[in-house]
Amino acid sequence: MATLFTSWTLATRAGTGVPGFSGDGGPASQASLNEPKGLAIDSQGHLFVADSENHLVRRVDRVTGLITTVAGSAPESAPPVSRAGGPDPVYEEEVDPLAETSQKTTEQFTQQTDLSGTVRYLVGAAAPKRYGGDDGPATKAVLNFPTAVAVDAQGHLYIADTMNHRVRRVDARTGIITTIAGTGQARFSGDGGPADRAALNEPAALAIDAQGQLYIADQSNNRVRAVDLKTGIIRTVAGTGSAAYDGDGKPATESTLAGPSGLAVTAGTLYIADTFNGRIRSVDLSTGMIATLAGDGGSYRYQSPHDPPSSSVSRPSGIALDREGNLFLTDSDSHLIRRWERATGLLTRIAGTGSASSAGDGGTALEAGLCYPFGIVSDGERTLLIADTFNHRIRVLSLE
């Protein structure tokens, strides 16, 4: 199997590597992205990208390779991003007056830290709120750090509008955007009632099953919730609200999660990136029982190919599955893509060197650099698409 992995390659599908906004209507490889995070592929193979720091969702056409904005108001130009020591902090001149996260106030700024560890300096209490546009064209709407996207069988687009604490839907036929879950208030409420009257707190991942259930990683509520798209009713399917790990082999609704930020669903099973517990969990949707598939909660961070094998993962985020039930995950803080083999339970490095870099594009995936990859999706045809977030690119990993 190791020999197989050495033939796999990594190349750029979208993004120049320079953070900013540009390129709509042209080749995706020549467009600028700014910290892309969640990814989704529709039934025609078109790729949707949560272009988070541009506050947009963009679409890459499978046939032409052209990129367009499908949700969010495109900025005139994206501001430069200031960083120190990796992906945090992030500096943004905007405010969310409904956010109820930890804050420190000075005369100059408010410091707001979300559960993912991102620190934003929110300047001025009178700064505009980044929300608007419901019941109008999606391309005129205002999004606030969208983190995840999903597409249903009818082609409707769902957006985790993370810092607006909402999930929004773009109708495939009309292009109209609406809120289907969340009130805009960063709190927990509403189980058993209409999802658009329930409160979310930083929704960070989405997944849709064949039965029309939309799963939401309600990150800062430390829960996974589900919306029945036929009735609009919301419920909790995993997590108690406490950020902790208290074991497996019990009902998922009685088990704790810590900052879940990745989801995948297949026949009868929901997979959760239990990010700050350092685990990938599975929920049997028929019994409701939870188990750990990968990760042991350790503090492992990959250093080199000479490291002994480890079952630990460092801030797992995105999840994708192949047809055999093997699982691919973004080991974000180790700058890796790893594969969990269903038959053996082994974790294997398949892309990335363990160091944050952009080197090696177009070459062997094991020798190519990544920088805090977050999102991942499979196209079902021996290809993975990766949101190489802090390289501001979408990379394509060929599994052959």
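Arg169 and Asp171 join their side chains in a salt bridge, with N to O at 3.6 Å. That is in a predicted model, and a search through the whole structure turns up 15 salt bridges. Asp171 counts as buried, since its relative accessibility is 18% and the cut-off for buried is under 20%. Below is a quick tour of the other charged pairs, two of the sheets, one serine and the chain as a whole.

**Charged pairs**

- Arg281 and Asp274 make a salt bridge too, and their closest N and O atoms sit 2.6 Å apart.
- Both partners are out of reach of the probe: Arg281 has 0% relative accessibility and counts as buried, and Asp274 is likewise buried at 0%.
- Asp333 meets Arg315 through their side chains, with 3.0 Å from N to O.
- Asp333 sits in the loop between E24 and E25, while Arg315 sits in the loop between strand E22 (290-294) and E23, so this salt bridge ties together parts of the chain that are 18 residues apart in sequence.
- Asp333 is buried, with a relative accessible area of 12%, and Arg315 is buried as well, with 13%.
- There's also a network of salt bridges, which links Asp24, Asp51 and Arg58.

**The E23 to E26 sheet**

- Here 4 strands make up an open sheet, ordered E23-E24-E25-E26, with antiparallel pairing.
- E23 and strand E26 (347-351) are the edges; each has a single partner strand, so one side of each has no neighbour in the sheet.
- On average, neighbouring strands of this sheet are turned by 30 degrees against each other, ignoring direction.
- Inside the sheet, strand E24 (residues 327-331) and strand E25 (residues 336-340) run antiparallel and are joined by 5 bridges.
- Looking for a specific pair in that ladder? Asp331 stands opposite Leu336 in E25.

**Ser317, on strand E23**

- Ser317 belongs to strand E23, which covers residues 316-321.
- Is Ser317 buried or exposed? Ser317 is buried, because its relative accessible area is just 6% and buried means under 20%.
- Setting aside neighbours within four places in sequence, Ser317 touches Ser261, Gly262, Ala273, Thr275, Thr330, Ser332 and Phe374.

**The E15 to E18 sheet**

- Another 4 strands form an open sheet, in the order E15-E16-E17-E18, and the pairing is antiparallel here as well.
- Strand E15 (203-208) and strand E18 (234-238) are the edge strands, each pairing on one side only.
- From one strand to the next, the twist averages 30 degrees.
- Strand E17 (residues 223-228) pairs with E18 in the antiparallel sense, over 4 bridges.
- Ala226 has Arg235 in E18 as its bridge partner.

**The chain as a whole**

- How many helices and strands does the protein chain have? It has 1 helix and 30 strands.
- The chain runs to 400 residues, and 57% of them are buried.
- If you take contacts between residues at least 6 apart in sequence, 47% of them join residues at least 24 apart.
- The accessible surface of the protein chain is about 15600 Å², and carbon and sulfur atoms account for 50% of that.

Key: Residues numbered from 1 in each chain as written. Predicted model: local features only at pLDDT ≥ 70, side-chain atom pairs only at ≥ 80, totals over all residues. Heavy atoms only, no water. Helix = DSSP H or I, 4+ residues; strand = E, 2+ residues; numbered from the N terminus. Buried < 20%, exposed > 50% of the residue type's maximum accessible area, 1.4 Å probe, protein only. Contact = heavy atoms within 4.5 Å. Areas by Shrake-Rupley, 256 points an atom, 1.4 Å probe, with all protein chains shown as cover. Pairing = 2+ DSSP bridges. Axes fitted to C-alpha atoms, helices over the stretch in contact; angles between N-to-C directions. Salt bridge = Lys/Arg side-chain N within 4 Å of Asp/Glu carboxyl O.
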